[in-house]
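Me: I have a structure open that I have not looked at before. Can we walk through it?

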Amino acid sequence: MSHIPGLVRAELRKLFTTRLWWIMLIVTLLLVGVSLGALMAFAGVNQNGGAAPALDTPQWTELAWASGSGAGIFVMILGVVMMTSEFRYQTITGTFLVTPRRGLVILAKLLAGLIVGALFGLAVLIFQAVTVIPAVTIAGGEFSLSASRVPQISIGILATLALYALFGIGLGALVRNQIAGIVAAVVWSYVIESIFTAIPALHGVGKWLPAGAAQALMSIDVDTGLGRPEWLPAWAGALVLVAYGLLFAAVATATTVRRDIT
């Protein structure tokens, strides 16, 4: 276990010496910006007999701050790339020759993924601070950390993005093909999870998915005009996310430790 810090640094160096991480960071912040723009555009708009929260209300701040959790897809893709690039460029052979104990290599990748996800989460929170706070203030509202539950939501975003990177590593270890892994991550996040978490009638299933668990962890129960969501309690959402994290970590280990890499 004494090799773990060095292995984690090696994994982080592999990622941060490429251009991929900052390209993905820019795309992540652009997505969060687009989501915030949409929330601003539809603030206070009536739809389906209900009304979205107005821009100067704590409920709008709550929704806007929680939108950062949607960036999980990009750290998940980074996790996929961190794992599949080893197989794509056959560097996995050299990696395991230097460190024959494969379990330690996978553990280092998982820890590096958690760090990368948390760093992306911090960047998202900083971006939200410089956009949401001025928007609320200009609209005549008062930005309140407690009324909008910003600390709890921020912890949820950090945990969600960190765990989604881990999900990506597990997915990459399972499929090994980079394109297939990225496509699977996009379909999962933008099709399956979006359907089951966006439509209140499907929340019975959606609340057990990672995105639904993340919403539960942040306790987002604001009615956006489509109906009030029914998520798990915050503690149960945290347990579901951790369970998914352990599941994907087990998948990454089980599919790599005994697999032929020649």
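Reply: A definition to begin with: two residues are in contact when they have heavy atoms within 4.5 Å of each other. Keep in mind that this is a predicted model.

Me: OK. Which helices do the buried residues of α3 pack against?
Reply: They pack against α2 (20-41), α6 (102-138), α7 (150-175) and α10 (210-218).

Me: And how many residues of α3 are buried?
Reply: Helix α3 covers residues 58-66, and 7 of its 9 residues are buried. Those are Trp60, Thr61, Glu62, Leu63, Ala64, Trp65 and Ala66.

Me: What comes after α3, where Ser69 is?
Reply: Ser69 sits in the loop between α3 and α4.

Me: Why does Ser69 count as buried?
Reply: Its relative accessibility is 12%, and buried means under 20%, so Ser69 counts as buried. Leaving out residues up to four places away in sequence, Ser69 touches Ile157, Thr160, Leu161, Gln215 and Met218.

Me: Zooming out, how many helices and strands are there in the protein?
Reply: The protein has 11 helices and 2 strands. The order along the sequence is α-α-β-β-α-α-α-α-α-α-α-α-α.

Me: Why is it described as being as compact as a globular protein of that length?
Reply: The radius of gyration is 19 Å, close to the 18 Å that the globule rule gives for 262 residues, so the protein is as compact as a globular protein of that length. Along the principal axes, the C-alpha atoms fill a box of roughly 60 × 35 × 30 Å.

Me: What share of the residues is buried?
Reply: Buried residues are 47% of the 262 in the protein. As for contacts with a separation of 6 or more, 80% are between residues 24 or more positions apart.

Me: Changing topic: what does UniProt list as "transmembrane region"?
Reply: The UniProt entry, which is unreviewed, lists residues 20-43, 63-83, 104-133, 153-175, 182-202 and 234-257.

Me: What does the chain look like over residues 104-133?
Reply: Residues 104-133 are 100% helix and 0% strand, with the end C-alpha atoms 43 Å apart. Residues 153-175 are also 100% helix and 0% strand, and there the end C-alpha atoms are 32 Å apart.

Me: Now pockets. What is the volume of the second largest pocket?
Reply: It is about 260 Å³. The pocket is lined by 13 residues, and the closest to its centre are Lys14, Thr18, Val81, Met82 and Ser85.

Me: Which helix gives the most to that lining?
Reply: α4 does, with 4 residues. Both α1 (4-16) and α4 (72-88) supply at least two residues each. By type, the lining has 5 nonpolar, 4 polar and 4 charged residues.

Me: I also clicked on Lys109. Is it buried or exposed?
Reply: Lys109 is at 1% relative accessibility, so Lys109 counts as buried. Lys109 lies in helix α6.

Me: What is Lys109 in contact with?
Reply: Setting aside neighbours within four places in sequence, Lys109 is in contact with Glu11, Lys14, Met82, Met83, Glu86 and Ile169.

Me: Last one: where is Phe87?
Reply: Phe87 lies in helix α4, and at 9% relative accessibility Phe87 counts as buried. The C-alpha atoms of Phe87 and Pro233 are separated by 40 Å, and the two residues are 146 apart along the chain.

Key: Residues numbered from 1 in each chain as written. Predicted model: local features only at pLDDT ≥ 70, side-chain atom pairs only at ≥ 80, totals over all residues. Heavy atoms only, no water. 1 Å grid on protein atoms, 1.4 Å probe; cavity = no way out; pocket = protein on both sides within 12 Å on 5 of 7 lines; lining within 4 Å. Points joined across faces, edges and corners; volume = space filled by probe spheres on them. Nonpolar A, V, L, I, M, F, W, Y, C, P; charged D, E, K, R; others polar. UniProt positions renumbered as here; feature names shortened; annotations may be inferred. Rg over C-alpha atoms; globule rule 2.2 N^0.38 Å. Buried < 20%, exposed > 50% of the residue type's maximum accessible area, 1.4 Å probe, protein only.
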